[in-house]
Amino acid sequence: MPTMTGEPVVGVQGPPGDGPGFVAWVRPHLVAMARLAGRLAVGADRDDIVQEALARAWAKRSQYDASRGTPSAWLLAITADQARKAVRRMRPGGASLSLIDEATGGPVSRPDLDARMDVDHAIMSLSARQRLAVDCYYFADLSIADTAAVMGCSEGTVKSTLSDARTRLRTLLEVTE
């Protein structure tokens with residue numbers, strides 16, 4: 001079964017021990033790492049999170065075990081961990097998004113932004129486990145198997161968690177089928 005980067009799960013080689021080889025090994029996963037970091041640590045610098053994840057992956061490269069998951073799942077699990085740490089380090093009361101019309105001094109009406117903020121707010125109200133599942137599966141485009149590897153649980157648990165998250169989001173967003 002191929003992963004999101006097209007690599008087969010069976011026969012995956014571990015990260016090379018040399019710098020250039022390691023860079024080539026992680027390069028296909030950088031976009032997904034940045035996307036996940038941005039989703040999990042809103043307000044934090046996602047590039048810093050990715051850099052921390054890469055440094056951690058480099059330091060722990062000898063611990064990679066291809067039989068336990070794909071390189072993308074391993075790297076994204078490290079990224080998720082670094083994103084959680086970044087959120088804990090952020091100060092309460094960080095900068096908030098405020099769109100002010102300079103001509104009138106009033107708020108700018110942006111239906112597209114309002115809808116996005118509604119969805120983001122609804123996702124933020126999910127449990128941490130549900131948010132991670134939604135972010136991995138829907139925003140980082142991971143498969144159920146890779147999401148399970150990132151979350152450290154079974155595929156059935158991921159499916160159940162996603163189902164519960166969708167039910168909760170339907171309620172929060174008042175979506176009817």
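Here is an informal chat about how the labels on this predicted model follow from its computed values.

Student: What ground rules apply before we start?

Tutor: The model is predicted, so local features need pLDDT of at least 70 and side-chain atom pairs count only at pLDDT 80 or more, while totals for chains, interfaces and linings use all residues. Residues are numbered from 1 along each chain as its sequence is written, and side-chain values use heavy atoms, with hydrogens and water left out.

Student: What is the secondary structure of the chain?

Tutor: The chain has eight helices and zero strands, where a helix is a DSSP run of H or I with at least four residues, a strand is a run of E with at least two, and numbering goes from the N terminus. Along the sequence that reads α-α-α-α-α-α-α-α.

Student: Why is Ala-34 called buried?

Tutor: Buried means under 20% relative accessible area, exposed means over 50%, and partly exposed is in between, with a 1.4 Å probe and protein chains only. Ala-34 has 12%, so Ala-34 is buried. Its place is in helix H2, residues 30–40. The C-alpha atom of Ala-34 is separated by 9.5 Å from that of Asp-48, 14 residues apart along the chain.

Student: And what makes Val-134 buried?

Tutor: A relative accessible area of 4%, so Val-134 gets the buried label. Val-134 belongs to helix H6, and its C-alpha atom is 8.6 Å from that of Thr-161, with the two positions 27 residues apart along the chain. Chain-wide, 34% of the 177 residues are buried.

Student: How do you know that Arg-39 and Asp-135 form a salt bridge?

Tutor: The rule asks for a side-chain nitrogen of Lys or Arg within 4 Å of a carboxyl oxygen of Asp or Glu. For Arg-39 and Asp-135 the N to O distance is 3.1 Å, so the pair passes. This salt bridge links distant parts of the chain: Arg-39 sits in H2 and Asp-135 in helix H6 (residues 128–139), 96 residues apart. Both residues are buried.

Student: How many salt bridges does the structure hold?

Tutor: Three. Another is Asp-81 with Arg-84, whose closest N and O atoms are 3.9 Å apart, so that pair also fits the within 4 Å rule. Asp-81 and Arg-84 are three residues apart in helix H4, which means about one helical turn separates them.

Student: What about Lys-85 and Asp-81?

Tutor: Their side chains meet in a salt bridge at 3.5 Å, N to O. Lys-85 and Asp-81 are four residues apart in H4, again about one helical turn. Shared partners join Asp-81, Arg-84 and Lys-85 into one salt-bridge network.

Student: Why are these three residues called partly exposed?

Tutor: Check the values: Asp-81 is at 27%, Arg-84 at 41% and Lys-85 at 25%. Each falls between the 20% and 50% limits, so each is partly exposed.

Student: Why are H4 and H7 described as oblique?

Tutor: Two packed helices are described by the angle between their axes and the distance between the axes. Axes here are lines fitted to C-alpha atoms over the stretch in contact, and angles run from 0 to 180 degrees between N-to-C directions. Under 35 degrees counts as roughly parallel, over 145 as roughly antiparallel, 65 to 115 as roughly perpendicular, and the rest as oblique. H4 (residues 71–89) and H7 (residues 144–151) pack at about 45°, with axes 8 Å apart, so they are oblique to each other.

Student: Which label does the H2 and H4 pair get?

Tutor: Their axes cross at roughly 30° and come within 9 Å. That makes H2 roughly parallel to H4.

Student: And what makes H2 and H3 oblique?

Tutor: H2 and helix H3 (residues 46–59) pack at about 125°, with axes 9 Å apart. That angle falls in none of the named ranges, so the pair is oblique.

Student: What makes Val-119, Leu-172 and Leu-173 a nonpolar surface patch?

Tutor: Patch residues need over 30% relative accessible area and no salt bridge; like charges are joined within 9 Å, and nonpolar side chains (Val, Leu, Ile, Met, Phe, Trp, Tyr) within 5 Å. Val-119, in helix H5 (residues 111–124), has 33% and is partly exposed, so Val-119 clears the 30% limit. The patch covers about 180 Å².

Technical notes
Accessible areas come from the Shrake-Rupley method with a 1.4 Å probe; for residues, only the protein chains shown count as cover.
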